[in-house]
Amino acid sequence: MTAVYDGGHSFLAEARASLERQVLPPGWALEWLVQEDGLTGEPLRALPDAPWISKGSCRKGGAAVARTVALSRATGDIVRALDADDLLTPGALSRDISALARARTEWCISSCLDLLPDGSLLPGPYDPQEGPLEFRELMAGFTADLFPVVGTHLAVRTGLLHALGGWPALPAWETIALVLRCAAVAPGWMISEPGGIYRKHPEQTTARSEYGGTTDFAALKSLITHQALACAAPPWAPGEERHSPVTEPRTPPPPPRR
């Protein structure tokens, strides 16, 4: 699933090529849901008409809204996020499918490679080792402004994604918020082999000057924390252990790559 806006589709053809190179296990098929965040139609005209590509558009509301609206067209068992300027590594989707075939694993994330403007690739600075992804560890990383995984590389069972309401309609960090909600309610798995390439360039959303100036990140962090803890132990569920009150987090800078 890919959200894209008019002017942000310069690398969309490369994203498509990385999908076309994927080899899936027998019995699996690929469906690419591309959703324009807006109604210009320009990003969608850059794509060919093909049975495996599903195009849609909606009123501009941000990447989270676009992804969630596109979820209405999903027909598969697994949804994998892919930003319009990112790439999948060879075999990424097959590894996602294998990880989700594990007993009680409902979602997974693969490690990341950063693609720098000079063409060099660097491993993500915080990627965990292969193994289970625990809610408490992810919350600790988020609280310390060191979130250990790239939320845009999430692969999740479609039913769980529907149950969680898709991507929360937040102005930033919506992928982190969704990962925390997934971890709060269902077992997850970390894939150590890189499954995605995170392109760093001057026009990416998190690098633009307006990104840091239009969002109250302290309030956003507090909201995401409260919502994740509520998912982990709903206060309305009788007999469940209650979490202690959440302290107000310090004001964090916008994360450089998450």
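Relative accessible area sorts residues into three classes: buried means under 20%, exposed means over 50%, and partly exposed lies in between (1.4 Å probe, protein chains only). The exercises below concern a predicted model, in which local features need pLDDT of at least 70, side-chain atom pairs count only at pLDDT 80 or more, and totals for chains, interfaces and linings use all residues. Residues are numbered from 1 along each chain as its sequence is written, and side-chain values use heavy atoms, with hydrogens and water left out.

**Exercise 1.** Locate Asp 145 and assign its exposure class.

Solution. Helices (H or I, at least four residues) and strands (E, at least two) are DSSP runs, numbered from the N terminus. Asp 145 lies in the loop between helix H5 (135-143) and strand E9 (154-157). Its relative accessible area is 27%, so Asp 145 is partly exposed. Although Asp 145 is not a glycine, its phi is positive, at about 60°.

**Exercise 2.** State whether His 153 is buried or exposed, and list its contacts.

Solution. His 153 is also placed in the loop between H5 and E9. With a relative accessible area of 2%, His 153 is buried. Contact means heavy atoms within 4.5 Å. Not counting residues up to four places away in sequence, His 153 touches Arg 80, Asp 86, Cys 108, Ile 109, Ser 110, Ser 111, Cys 112, Gly 196 and Ile 197.

**Exercise 3.** Describe the setting of Gln 129.

Solution. Gln 129 belongs to the loop between strand E7 (121-123) and strand E8 (131-133). Because its relative accessible area is 66%, Gln 129 is exposed. The C-alpha atoms of Gln 129 and Met 190 are separated by 6.9 Å, while the two residues are 61 residues apart along the chain.
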